[in-house]
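Please read these points with the model open beside you. They go from the interface to each chain and then to single residues.

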Amino acid sequence: MNYRRFLLIAVPYAWLALFFLVPFLIVLKIALSDTAIAIPPYTPTLDLSGGWAGIKAFFQGLDFENFVFLTEDSLYWKSYLGSLKIAAISTVLTLLVGYPIAYAMAQAADEWRPTLMMLVILPFWTSFLIRVYSWIGIIANEGLLNQMLMGLGIIDTPLQIMNTPSAVYIGIIYTYLPFMILPIYSALEKLDGSLIEAAVDLGCTRAAAFWRVTLPLSRPGVIAGCFLVFIPALGEFVIPSLLGGSQTLMIGKVLWEEFFSNRDWPVASAVAVVLLLILVIPIVLFQKNQEKAEEAGK
Amino acid sequence: MNRKLSWFNVTSLTLGFAFLYLPMLILIIYSFNASKLVTVWAGFSTKWYGELLRDQQFLDAAWVTLRVGVMSSTFATILGTAAAYVMVRAGKFRGRTLFSGMIYAPLVMPEVITGLSLLLLFISLGLDRGIVTIVLAHTTFTMCYVSVVVSSRLMTFDQSLEEAALDLGASAWDSFRLVTLPIIFPAVISGWLLAFTLSLDDLVIASFTSGPSSTTLPIKIFSAVRLGVSPEINALSTIMIAIVAVGVITASLVSKRAIQRQRAEEQVGNRT
């Protein structure tokens, strides 16, 4: 092995180990520490300077106190469940909004497709924060939507959308829509149109052909899109904190507040560890789905 | 399929793109509103742009953001390209599984966790929080995106070109520099742009890793919009949307032309 090859591997490796892996182990360590009123605000239970005896003492004193605390205070499990529920509902809603768009894009003439693609991707390059913010002026109590509906005489009192879970759904659908459209579009684009024609020729109605041919064949794209929305939505912070108000419990926001407002590092770290354990399941399923799709494509 | 779209498809495209673009369009329109009340239209005015340009705090934050963006995306591009090259070309080495895990994991990691863990690292290293720590943090999470973009290009190009260069006596480094790099260069550039955009846009990781003297633009925007809609933020958003729109449209025109040229060259090559 020459030294250039060694360097090429070693530099990014060392970087990721130092700035990704090690921080993670620190989170784990602090999650197992005791909360203290000090700077930094925790008492480490693992003391490496004590050598082997320190490690032994660490394992003997291991009480998972912070994790027990997470199960005792209903705020935490309600937030985890709240995140799961909001992420699941908004994934389904994004699918319902995104599928017809992806379908129409795949039906469009060839010369239109690059433009339509660009129109879907363009918002992704615009600031996430600004895209979330743009909804405040629309759905606020004195916002444009309520003004319009009241001006038309449809409602008398403003609809309370802002600071409710509905606002979070809107925010998630809006910001993650491209992640749903693109995989579905790429599945539908590959679809052989003659299959539909064959189904219709054999006596299927258009709707039945869609239901029995198009939809099953676009399934890998649908599944990929759902995971690409569900996974980031689960740990979302910006959307619930700008649109969700204080009543919408999501775990990303709880972690942030635990760290910045309560300055409770061990509990914030424990929240992070549990969130990650929850995330492992959809991530592994997503990976499996991608591998299957790749094999099918070969 | 060049048939006409059915009314259903036309409707879903129209509604879909209206949904994607109307909120931003409204934002842009209201940035020219003379009234401080954001929901009442009081005539056309560009005064909020003036206010924004006189706001020293915003200018400082923009300058910090720009410096962090350029530095972190440059480091991320170098490291990410190296990582992609290792993943696709270096073959087997000890710890490869861990390496690929560390490249893909940050892509799905919630930002709150990445931010928290990096902050705890910087504190245990005794690093003062400031521009340096934001650059380190942004380099780490954006290099993974760069390596995904670059490795997908590396996987599709004809490896025999590299082998030919090596057979003809080029060193591994020369073959990378003279053959591989020019071919993957468009992917490296889009990797850089992606890293730069992600860095400009990041609120959560920057909030954890920044110090009091190094507020970035997203942090500034976030603390302003928490209090509600503000016309200054509308003006700032309009500027940012305009920059992105011009950038993306230019990039897509350039790449379209590059593809056309490549096709033309291939046709010429086939004929001779």
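**Notes on the two-chain model**

1. Start with the interface. In chain A, 78 residues are in contact with 80 residues of chain B. Contact means heavy atoms within 4.5 Å. Tyr13(A), Trp125(A) and Tyr133(A) supply 11% of the area that chain A buries against chain B, more than any other three residues. Buried area is the accessible area (1.4 Å probe) that two parts lose on being put together, summed over both.

2. Next, the area itself. The size of an interface is often given as the accessible area lost when the parts come together. Chain A and chain B bury about 7300 Å² between them. Carbon and sulfur atoms carry 81% of that area.

3. A word on the basis. This is a predicted model, in which local features need pLDDT of at least 70 and side-chain atom pairs count only at pLDDT 80 or more, while totals for chains, interfaces and linings use all residues. Residues are numbered from 1 along each chain as its sequence is written, chains are lettered from A and ligands numbered from 1 in the order in which they are written, and side-chain values use heavy atoms, with hydrogens and water left out.

4. Secondary structure comes next. Chain A has 15 helices and 2 strands. Chain B has 11 helices and 0 strands. Along its sequence, chain B reads α-α-α-α-α-α-α-α-α-α-α. Helices (H or I, at least four residues) and strands (E, at least two) are DSSP runs, numbered from the N terminus.

5. Now overall dimensions. The radius of gyration of chain A is 25 Å, where a compact globule of 298 residues would have one near 19 Å. For chain B the value is 23 Å, against near 19 Å for a compact globule of 272 residues. The radius is taken over C-alpha atoms, and the globule rule is 2.2 Å times the number of residues to the power 0.38. Along the principal axes, the C-alpha trace of chain A spans about 80 × 70 × 35 Å. The trace of chain B spans about 70 × 65 × 35 Å.

6. Burial and contacts, by chain. Of the 298 residues of chain A, 48% are buried. In chain B, 47% of the 272 residues are buried. Buried means under 20% relative accessible area, exposed over 50%, partly exposed in between (1.4 Å probe, protein chains only). Among chain A contacts between residues at least 6 apart in sequence, 70% join residues at least 24 apart. In chain B, residues 24 or more positions apart account for 69% of the contacts with a separation of 6 or more.

7. Surface and charge. Chain A has an accessible surface of about 14700 Å², with 67% belonging to carbon and sulfur atoms. Chain B exposes about 13800 Å², and carbon and sulfur atoms supply 66% of it. These areas come from the Shrake-Rupley method with a 1.4 Å probe; for residues, only the protein chains shown count as cover. The 17 positive and 21 negative charges of chain A have mean positions 7 Å apart. For the 20 positive and 15 negative charges of chain B, the mean positions are 7 Å apart. Lys and Arg count as positive, Asp and Glu as negative; His and the chain ends are not counted. Each charge is placed at NZ of Lys, CZ of Arg, CG of Asp or CD of Glu.

8. Look at Thr214(A), in helix α11 (residues 206–217) of chain A. Thr214(A) counts as buried because its relative accessibility is 3%. Leaving aside neighbours within four places in sequence, the contacts of Thr214(A) include Tyr99(A), Tyr103(A), Leu188(A) and Ile196(A).

9. Two loop residues in chain A deserve a check. Asn163(A) sits between α8 (144–151) and α9 (165–189). Its phi is near 65°, a positive value in a residue other than glycine. Asn163(A) is partly exposed, at 36% relative accessibility. Arg263(A) lies in the loop between α14 (251–260) and α15 (265–297). Arg263(A) has a positive phi of about 55° although it is not a glycine. Its relative accessible area is 47%, so Arg263(A) counts as partly exposed.

10. Finally, two residues of chain B. Pro231(B) lies in helix α11 (residues 231–271) and is buried, at 2% relative accessibility. The C-alpha atoms of Pro231(B) and Ala34(B) are 9.0 Å apart, with their positions 197 residues apart along the chain. Leu53(B), in helix α2 (residues 47–54), is exposed at 58%. The C-alpha atoms of Leu53(B) and Gln267(B), 214 residues apart along the chain, are separated by 52 Å.
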